[in-house]
Amino acid sequence: MTVLLLLGGFVLLVAGGEALVRGASSLGKTVGLSSLVIGLTVVSSATSAPELAVSAGAALSGSPGLAVGNVVGSNIANILFVMGLTAVFGALMVKVQLVKIDIPIMIGLSVITLLMCLDGTISTLEGSTLVGLLVVYLVVTIVLARRQTHRSKTKTTPEDDAAAPAASEGAGDSVKPTRTLRTSKRRSTLIDLVLLVVGIALLVAGAQMLVSASTTIAQALGVSDLIIGLTIVAIGTSLPELATSVIAALRGERDMAVGNLVGSNLFNIGAVLGLTAVIAPGGIDVDPAAVHFDLPVMIATALVLLPLAFTAAVIGRWEGVLLVLLYGSYVTYLVLDAAGHDALQPFNAAMLWFVLPITALWIAALVGYEVGVLRSRRAARTQRGNTART
């Protein structure tokens, strides 16, 4: 039964991710929004449903402090593990909007969260502030996207203007009635919404089944509850993001895959953590260990994403492998630290004096190389433009 539950969880995750990506992609085209914006808003809010359920349940059961660990752990897993593993399946395209706007906003919101946690609590007022910031971000993102879509539709070439009268002369019988078009659009929108709802339900159910089955198997193998909590449960709430992003990347919706993860991190902070602080009486208590270690790691993870996304506007396979290895190092540290293992000190020394400096130098060298390539391309384009004018 446990094996069947495990297989059923994988099937539901794949089916839910497929339904969610199909519905979101089609809905974006119907309402005039790009795949990136749909990933940042609709898909990311849907894949954050497990985190919201866990945090809200913890707040109502009298353990609101679990929400901080849930959000921080999920955000770290989304960038290092999920985005890294998704990039392994194929290089992820990163739009200029993400590099210039959305990723910096994610970094800024992460820093604001750390500042709120310095006094050991996230108050109800601070939680309301996080929710308000998320709402402002969503409204501005959607409004700007609709304006950009409207501008692109209104731009017509001289050939289009010349052809318009000729087309209108014989359009009487060839154009479908307006009422039929509206009915077709409503039916398409309804089908997309059904796919979204079904996809969300399948993702949540599949994640719960997979976590439950994996926990049972791990316990049968003698794995401690600590390691199960730090690995299976932490990754379990990020499984919807993983399934959705991988399927989106395989279907060619690579900007949706990246937008889903960035948007999910924003939703985790603004909606999950913010709403939990509003629901919980007296706000959320924050463990000092989270303030001194996990929250800074979350910010560092967000900062690592910026140069990776900046290099050639893609996150390549080798960069995905690097992200997954960094997540493996993070989980290894958590396990060794919680168990008080003798290997913790040499592991810390290796990470501090070898792995992290080399990784930082590697990323800095890549950024410098890409900046040089971009400048060379600009100079070449400028030279060609000057030659054409003369």
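**Figure 1. Confidence extremes along the protein chain of the predicted model.** Helix 7, spanning residues 158-169, has the lowest confidence, with a mean pLDDT of 48. At the opposite extreme, strand 2 (residues 121-122) reaches 90, the highest value. Over residues 156-164 the pLDDT falls below 50. Beyond near neighbours in sequence, the stretch 156-164 has one contact in the model. For the protein chain as a whole, the average pLDDT is 75, and 72% of the residues score at least 70.

**Figure 2. A patch of positive charge on the surface.** Lys100 gathers here with five arginines of helix 14, namely Arg375, Arg377, Arg378, Arg381 and Arg384. Helix 14, which covers residues 344-389, gives the most to this patch. Arg375 is one of the residues found in helix 14.

**Figure 3. A nonpolar patch on the surface.** Val88, Phe89, Leu250, Val321 and Leu325 together make a patch of about 460 Å². At least two of the patch residues come from helix 4 (66-89), and at least two from helix 13 (317-339). Leu325 has its place in helix 13.

Note on methods. Residues numbered from 1 in each chain as written. Predicted model: local features only at pLDDT ≥ 70, side-chain atom pairs only at ≥ 80, totals over all residues. Heavy atoms only, no water. pLDDT = per-residue confidence, 0-100. Helix = DSSP H or I, 4+ residues; strand = E, 2+ residues; numbered from the N terminus. Contact = heavy atoms within 4.5 Å. Patch = residues over 30% accessible without salt bridge, like charges linked within 9 Å, V, L, I, M, F, W, Y side chains within 5 Å. Areas by Shrake-Rupley, 256 points an atom, 1.4 Å probe, with all protein chains shown as cover. Salt bridge = Lys/Arg side-chain N within 4 Å of Asp/Glu carboxyl O. Lys, Arg positive; Asp, Glu negative; His and termini not counted. Charge placed at Lys NZ, Arg CZ, Asp CG, Glu CD.
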